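Colleague: I would like a close look at a single part of this model. Please take one helix and walk me through its surroundings.

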Amino acid sequence: MSRFGQWLASFSGEESAIGNLARDAAADPLWPDEPDEIAVFREHLEELGAMEAVLETLQRPWEQYEVWS
């Protein structure tokens with residue numbers, strides 16, 4: 001799993017949109033490993049038919065991840 005995926009997993013216990021995304025990513029056997037770039041994760045979600053709200057949810061933890069890393 002990518003560094004972002006590992007970091008995102010730390011939110012899996014939260015009852016929030018980010019927590020939902022974290023749980024979905026952890027359960028997704030095709031969640032991208034590399035490269036650790038938002039475009040890769042966004043493209044993956046788009047290929048799965050994710051709604052715009054999910055893509056917006058991805059943006060929030062990505063911004064936090066960039067600050068953290």
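Modeller: What follows is a look at helix α3 and its partners, then at two further residues. This is a predicted model, in which local features need pLDDT of at least 70, side-chain atom pairs count only at pLDDT 80 or more, and totals for chains, interfaces and linings use all residues. Residues are numbered from 1 along each chain as its sequence is written, and side-chain values use heavy atoms, with hydrogens and water left out.

Start with the helix itself. Helix α3 spans residues 38-47. Helices here are DSSP runs (H or I, at least four residues), numbered from the N terminus. Which residues of α3 are buried? They are Phe41, His44 and Leu45. Buried means under 20% relative accessible area, with a 1.4 Å probe and protein chains only. These residues cover an arc of only 95° around the axis, so they sit on the same side of α3. The arc is taken from the directions from the helix axis to the C-beta atoms.

What do they pack against? The buried residues of α3 pack against α1 (3-9), α2 (17-27) and α4 (52-68). Just after α3, glycine 49 has a positive phi of about 85°.

Now the pairing with α4. Two packed helices are described by the angle between their axes and the distance between the axes. The axes of α3 and α4 come within 10 Å and cross at roughly 160°. That makes α3 roughly antiparallel to α4 (the term applies to angles over 145 degrees). The crossing is right-handed.

On the α3 side, the residues meeting α4 are Ile38, Phe41, Arg42, Leu45 and Glu46. On the α4 side they are Glu52, Val54, Leu55, Leu58, Gln59 and Trp62. Contact means heavy atoms within 4.5 Å. By class, the contact of α3 with α4 has seven nonpolar, one polar and three charged residues.

Stay with α4 for one more residue. Threonine 57 lies in this helix. Its relative accessibility is 7%, so threonine 57 counts as buried. Leaving out residues up to four places away in sequence, threonine 57 touches Ala17, Ile18 and Leu21.

Last, a loop residue. Phenylalanine 11 is in the loop between α1 and α2. Is it buried or exposed? Phenylalanine 11 is buried, with a relative accessible area of 16%. Apart from neighbours within four places in sequence, phenylalanine 11 is in contact with Ile18, Gly19, Ala22 and Gln64. The C-alpha atoms of phenylalanine 11 and isoleucine 38 are separated by 17 Å. Along the chain, these two residues are 27 residues apart.

Methods:
Buried < 20%, exposed > 50% of the residue type's maximum accessible area, 1.4 Å probe, protein only. Helix = DSSP H or I, 4+ residues; strand = E, 2+ residues; numbered from the N terminus. Axes fitted to C-alpha atoms, helices over the stretch in contact; angles between N-to-C directions. Parallel < 35°, antiparallel > 145°, perpendicular 65-115°, else oblique. Left-handed = near helix turned anticlockwise from the far one by under 90°. Nonpolar A, V, L, I, M, F, W, Y, C, P; charged D, E, K, R; others polar.
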